[in-house]
Amino acid sequence: MSLLTVGTVAFDDIETPFGKVEKVVGGACTYISWAASYFINDIRLTSIIGNDFPAEEIKALEARGVNMEGLKIMENGKTFFWAGKYHENMNQRDTITTDLNVLDDFDPELPESYKDSQYVMLGNLTPDIQLRVMEQLTNPKLIVLDTMNFWMDVALDKLKLAISKVDVLTINDEEARQLSGEYSLVNAAKKIFEMGPKYLVIKKGEHGAMLMSEDNIFYAPALPLAKVMDPTGAGDSFAGGFIGYLTKTEDTSFENMKRAVIYGSTMASFCVEEFSLGKMKHLSEHIINDRAQRFVNITNFTL
Ligand code: AMP
């Protein structure tokens, strides 16, 4: 099975109560692709970078089986840049800078070999680009879209159009409230289902994630961790684990999506333990399965 990943490949400046790093590798597509690469090996990456982006980072992804035919490298262009600062409560962050740079005029023309991708993860970036990618797909089986408040603020109509065409929307709780105008997440979900998606994943940071359909709800906690250094990319790592597992198992039933939420939460739990991709680059199937089992253990009880 094939997975198409779309999103930013970026440089980040990050400040958390545990430290500060500058110009580290980040971006939604980077985290998604790394996380998904532990589940499947036919990943087709679609993004854009400037010629300032380190070639060894591209090679490292290629070595994990990620196809780079859809990565556009702009000569004389600057890679997307984001700077963020987290507070003592790391569920809250301020965006300090978002420099779109090369993303500004990216027209993602999919390579012929990508067009038949069955599973599609539209990571966080311009809704216009998410729409352009969807237009070119010939045989999608499941399309998942992730986004954030930034795009609700600057491109709400286009974002709603993109959302109307996907199967699963993943957003955080505050964004679900902003998008729907409803405080209760149950009511927010109802409004969002009216917009098009059949499934909604609401990410609640250190409080876990909720999977919802019109008639089902599943709640997964986040793993209680001793060390949380940097939450950047947790949502994208979740998305990568979620879609990676669904692509591997080829089963989009609600029951299987529950397992996908656990694998997504597992990947997010690794991501936050180090800055940037520090931890994500050094995992294995065995390490991932062990941690997924811990989710089973902490939620298992009898009545
Ligand atoms: P997350 O913590 O999962 O929301 O993802 C953070 C990553 O998304 C960072 O590595 C950033 O480079 C990237 N990012 C931040 N803002 C945006 C944006 N407006 N659009 C796309 N990607 C972004």
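A polar contact is a pair of N or O atoms within 3.5 Å; within protein, one atom must be able to donate a hydrogen and the other to accept it, and residues adjacent in sequence count only if both atoms are side-chain atoms.

The model is predicted: local features need pLDDT of at least 70, side-chain atom pairs count only at pLDDT 80 or more, and totals for chains, interfaces and linings use all residues. Residues are numbered from 1 along each chain as its sequence is written, and side-chain values use heavy atoms, with hydrogens and water left out.

**View 1. Polar contacts of the ligand.** A nitrogen atom of the ligand lies 3.0 Å from a polar side-chain atom of Thr8. The side chain of Asp12 places an N or O atom 2.5 Å from an oxygen atom of the ligand. For Trp151, an N or O atom of the side chain is 3.2 Å from a ligand nitrogen atom. On its own the ligand has 500 Å² of accessible area (Shrake-Rupley method, 1.4 Å probe), and the protein covers 95% of it.

**View 2. The shell around the ligand.** Around the ligand are 20 residues (each with a heavy atom within 4 Å of it); Asp12, Gly27, Arg93, Gly233 and Asp236 come nearest. The shell divides into 10 nonpolar, 7 polar and 3 charged residues, with Gly counted as polar.

**View 3. Helix H8 at the ligand.** Helix H8 (234-249) is one of the elements that give two or more residues to the shell. With 3 residues, H8 supplies the largest share.

Technical notes: Helices (H or I, at least four residues) and strands (E, at least two) are DSSP runs, numbered from the N terminus.
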